[in-house]
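Thanks for coming. I will take a few minutes to go through one structure, starting with the terms and then moving from the whole protein to single residues.

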Amino acid sequence: MSTETLSDLLAAVRACTACEAYLPAGPRPVLQVNPAARLLIAAQAPGRKVHATGVPFDDASGERLREWLGLTRETFYDARQVAILPMAFCYPGRGRSGDLPPRPECAVRWRAPLLAQLVQVRLTLVIGRYALRYHLPELAQRSLTDVVEQGLGASWPDVVPLPHPSPRNNIWLKRHPWFESQLLPALRPLVQQALNGRPPSTHACPRQRT
Ligand code: SF4
């Protein structure tokens with residue numbers, strides 16, 4: 001697909017109203033796509049703050065995610081390096097225990113053609129359960145903790161599952177200290193490797209049960 005066609009595709013996404021009836025704040029697709037990107041962040045859906053600014057991960061979750069990955073804002077928001085493609089592009093509203101799930105219409109309609117544009121991606125970071133189901137459906141029956149723990153596994157070397165960096169996951173992070181002490185230090189070099197255009201080397205899970 002040509003760059004011009006990507007422009008058409010992005011224009012169609014930005015004009016999309018497919019699930020407008022379910023969006024309390026209305027459609028406002030937030031994504032970052034460029035065919036040159038080498039790192040793909042497959043996320044969940046924008047929160048209320050991101051809906052207001054239109055900037056992906058411009059919130060506490062984003063601050064934590066950039067720290068996890070060892071990326072500056074400059075690199076993170078360089079679309080020629082990093083693509084950010086949530087499972088749904090518009091804020092889904094709030095439910096009883098946090099934001100509602102990403103609207104399913106979005107991935108059905110847009111995900112495949114947009115992913116087809118990302119021909120340079122070397123590493124995909126799958127954030128949260130909905131992205132995991134899409135990108136690693138064979139793992140969908142396992143708990144997210146279990147999958148993250150196996151994490152940097154050789155069976156899916158170009159995809160790394162991560163928990164959501166939301167402050168709502170502080171308890172999960174406290175209960176699983178290996179994530180920050182062992183997995184993230186092993187992940188950061190892979191991120192740099194991907195940004196430099198190299199596929200991730202085969203890597204064993206650094207997790208040591210204690
Ligand atoms: S969430 Fe996706 S499908 Fe729904 S209106 Fe926004 S862009 Fe369209």
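One definition before anything else: helices and strands here are DSSP runs, with at least four residues for a helix and at least two for a strand, and they are numbered from the N terminus. With that in hand, Arg 38 can be placed in the loop between α1, residues 3–14, and β1, residues 39–42. I will come back to Arg 38 later. Please keep in mind that what you see is a predicted model.

Now the overall picture. The protein has 210 residues, and 50% of them are buried. Its secondary structure consists of 9 helices and 6 strands. Take the contacts between residues at least 6 apart in sequence: 72% of those join residues at least 24 apart. The accessible surface is about 10200 Å², and carbon and sulfur atoms account for 50% of that.

Next, the ligand. Where does the ligand sit? The space it takes is the largest cavity. Around the ligand are Cys 16, Ala 18, Cys 19, Leu 23, Pro 29, Phe 89, Cys 90, Cys 106 and Trp 110. What kinds of residue form this shell? There are 9 nonpolar residues, no polar ones and no charged ones.

Back to Arg 38. Its relative accessibility is 29%, so it counts as partly exposed, the range between 20% and 50%. Leaving out neighbours within four places in sequence, Arg 38 has contacts that include Arg 80, Gln 81, Val 121, Arg 122, Ala 194 and Gly 197. Gln 120 is also on that list; Arg 38 and Gln 120 are 82 residues apart in sequence, yet their C-alpha atoms are 5.3 Å apart in space.

Gln 81, one of those contacts of Arg 38, lies in the loop between α4, residues 73–76, and β2, residues 82–84. Gln 81 is partly exposed too, at 26% relative accessibility. Apart from neighbours within four places in sequence, Gln 81 touches Ala 37, Arg 38, Leu 39, Thr 75 and Leu 195. From Gln 81 to Leu 40 the C-alpha distance is 8.7 Å, with their positions 41 residues apart in sequence.

Leu 40 turns up again among the contacts of His 135, along with Ala 42, Arg 111, Leu 115, Thr 124 and Val 126, once neighbours within four places are set aside. His 135 belongs to helix α6, residues 129–135. Its C-alpha atom is 8.9 Å from that of Thr 124, which is 11 residues away along the chain.

On to helix α3, which contains Ser 61. Is Ser 61 buried or exposed? Its relative accessible area is 7%, so Ser 61 is buried. Not counting residues up to four places away, Ser 61 touches His 164, Pro 165, Ser 166 and Pro 167.

In the loop between α2, residues 48–53, and α3, residues 60–69, we find Phe 57. Phe 57 is not a glycine, but its phi is positive, at about 55 degrees. Most residues other than glycine have a negative phi. Phe 57 is buried, because its relative accessibility is 8%.

Last, Pro 185, in helix α9, residues 178–195. Pro 185 has a relative accessible area of 39%, so it is partly exposed. Its C-alpha atom is 9.3 Å from that of Gly 70, and the two residues are 115 apart along the chain.

That is where I will stop.

How values were computed. Residues numbered from 1 in each chain as written. Predicted model: local features only at pLDDT ≥ 70, side-chain atom pairs only at ≥ 80, totals over all residues. Heavy atoms only, no water. Near = heavy atom within 4 Å. 1 Å grid on protein atoms, 1.4 Å probe; cavity = no way out; pocket = protein on both sides within 12 Å on 5 of 7 lines; lining within 4 Å. Sits in = over half its atoms within 2 Å of the grid points. Nonpolar A, V, L, I, M, F, W, Y, C, P; charged D, E, K, R; others polar. Buried < 20%, exposed > 50% of the residue type's maximum accessible area, 1.4 Å probe, protein only. Contact = heavy atoms within 4.5 Å. Areas by Shrake-Rupley, 256 points an atom, 1.4 Å probe, with all protein chains shown as cover.
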